[in-house]
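Reader: I would like a close look at a single part of this model rather than a tour of the whole. Please take the sheet and describe how its strands are joined, what lies against it, and which residues deserve a second look.

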Amino acid sequence: MTRPGVEPGRSSSAITTAAWDAAVAAIRAVPLDAEVQLICHVNPDGDALGSMLGFALGLRRLGFTGLRATFPGDFDVPEPYRALPGAELLVPEPQAYGKPQLILIFDVAGESRLGALAGLLDAGIPAIVLDHHASNTGLGDVTLVDPAAVATSVVADELLTRLGVELDAEIAECLYVALATDTGSFKFVRSPSVHELAARLIATGISPGDIARRIFDTRPFGAMKLAGEVLGRAILDPAAAGGRGMVWTYATTADLERHHQRPYVLDSLIDPVRGVAEADVAVVVKELTAGEWSVSLRSKGGVDVSAVAVALGGGGHRLAAGFTAYGTPDDVIAQIVPLLEANLS
Ligand code: AMP
Ligand code: MN
Ligand code: MN
């Protein structure tokens, strides 16, 4: 839906003109040599890294020279994203600025996704948040959150436009990776504006086919073997979610070690699991460290999995959400099952 004063093809009805203006003013208020810290969420995905780096490159075009980008936790940039334009701006969390003049936060629904970097929010430094999670808790000073946006990069693109930054191929590649990631390669598109944005990005000369092969269709042999094991142990519970059905599986750190793989290779496994016809809900329980699990939830529409995740301390979208859990995979599933019943939609 388009509101008066909002151009079609752009974000967004949810973000007020005042909020956009405040973000532009906050960025223009800092000198070009100021220390500017960009942050995205822990275990970053394509939208987190792509929107952050694309925006960072836009700031560089404006003349900003003190840019650093980071995310909390292990500095383990998923292999497919290491060659993103702007990746040279990434620093491990300990090398983030201690007292930057401006903070920009991408794809972060709540402070728990910022780890220790959340401490920067209490230091009186202006913080602009770009996000698209309905569950966003409203962190930061200027909150640009559009739950109707399919990716944070939609919001990043709009703010770049408002700052007068023209898209170039490097910025576009980052924003395209972000858009393609969060739309499941354009399968979860909700409006023509997504393809209009994609068209503007592709018009800079980027190659969607090469990007898709690199980001989605390339994996180490060990990751494929690992996927075979993890998918092979999936369990179907047709009675769960009021009879709509749930399918779930898990992967441990031992699985990763056995196949010499990094944790991010598990993130794509939710896709084949959610394809199971007999289940509305799909769950993948991924061990981060001993007994600590990152849980991915998906629904085909029968359950509001964002509400389930929020009830368990996480967040996300109605059909795609996640949270952190403790115990055994069976413990985690036992926590989820009653909440599915309570959040049928
Ligand atoms: P994932 O299953 O990791 O692809 O995440 C699906 C959605 O849930 C994304 O929008 C994430 O931002 C969100 N999400 C995943 N884990 C968490 C968490 N621990 N807390 C808040 N949101 C999360
Ligand atoms: Mn994300
Ligand atoms: Mn996102």
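Author: Two strands are said to pair if DSSP finds at least two bridges between them. The model is predicted, and what follows is computed from it.

The sheet is open and is formed by 6 strands in the order 6-7-8-9-11-10, with mixed pairing. Strand 6 (235-237) and strand 10 are at the edges; each has a single partner strand, so one side of each has no neighbour in the sheet.

Start at the strand 6 end. Strand 6 and strand 7, which covers residues 246-251, run antiparallel and are joined by 3 bridges. Leucine 236 is placed opposite valine 247 of strand 7. The next pairing has the parallel sense: strand 7 and strand 8 are linked over 6 bridges. Here threonine 249 has valine 284 of strand 8 as its bridge partner. From strand 8 to strand 9 the direction is antiparallel, with 8 bridges between the two. Valine 283 has its bridge partner, leucine 297, in strand 9. Strand 8 and strand 9 form a hairpin with 2 residues between the strands, and glycine 291 in that hairpin takes a positive phi near 75 degrees.

Strand 8 merits a closer look. Of its 9 residues, 7 are buried, so strand 8 is largely enclosed by the rest of the structure. A general point helps when reading such a strand: in a regular strand, side chains alternate between the two faces of the sheet. Lysine 286 belongs to strand 8, which spans residues 281-289. The relative accessible area of lysine 286 is 7%, and because the cut-off for buried is under 20%, lysine 286 counts as buried. The side chain of lysine 286 makes a polar contact of 2.9 Å with the side chain of aspartate 267.

In strand 9, serine 299 is a residue to note. Serine 299 has a relative accessible area of 9% and is buried. A polar atom of the serine 299 side chain is 3.3 Å from the backbone nitrogen of glycine 302.

Ligand 1 comes next. There are 13 residues around ligand 1, and those that come nearest are His133, Ser296, Arg298, Gly315 and Ala321. A polar atom in the side chain of serine 296 is 2.6 Å from an oxygen atom of ligand 1. For arginine 298, an N or O atom of the side chain is 2.8 Å from an oxygen atom of ligand 1. Arginine 113 also takes part, with a polar side-chain atom 3.4 Å from an oxygen atom of ligand 1. On its own, ligand 1 has 480 Å² of accessible area, and the protein covers 85% of it. The elements that contribute two or more residues to the shell around ligand 1 are strand 9 (292-299), strand 10 (315-316) and strand 11 (320-326). Strand 11 contributes the most, with 5 residues. Sorted by class, the shell holds 8 polar, 3 nonpolar and 2 charged residues.

That ties the ligand to the sheet: strands 9, 11 and 10 stand in that order at one end of the strand sequence, and these strands each give two or more residues to the shell around ligand 1.

Some residues elsewhere are worth checking too. Asparagine 43 is not a glycine, yet has a positive phi of about 45 degrees. Asparagine 43 sits in the loop between strand 1 (35-40) and helix 2 (46-62), and at a relative accessible area of 40% this residue is partly exposed. Phenylalanine 186, also not a glycine, has a positive phi of about 70 degrees. The loop that holds phenylalanine 186 runs between helix 4 (169-182) and helix 5 (192-202). Phenylalanine 186 has 19% relative accessibility and counts as buried.

Last, the cysteines. The number of disulfides is 0. The sulfur of cysteine 40 has its closest cysteine sulfur in cysteine 174, 12 Å away, and because a disulfide requires sulfur atoms within 2.5 Å, that is too far for a bond. Cysteine 40 is buried, at 0% relative accessibility. Cysteine 174 is likewise buried, at 0% relative accessibility.

Methods: Residues numbered from 1 in each chain as written. Chains lettered and ligands numbered in written order. Predicted model: local features only at pLDDT ≥ 70, side-chain atom pairs only at ≥ 80, totals over all residues. Heavy atoms only, no water. Buried < 20%, exposed > 50% of the residue type's maximum accessible area, 1.4 Å probe, protein only. Near = heavy atom within 4 Å. Polar contact = N/O pair within 3.5 Å; in protein donor to acceptor, adjacent residues only side chain to side chain. Areas by Shrake-Rupley, 256 points an atom, 1.4 Å probe, with all protein chains shown as cover. Helix = DSSP H or I, 4+ residues; strand = E, 2+ residues; numbered from the N terminus. Nonpolar A, V, L, I, M, F, W, Y, C, P; charged D, E, K, R; others polar.
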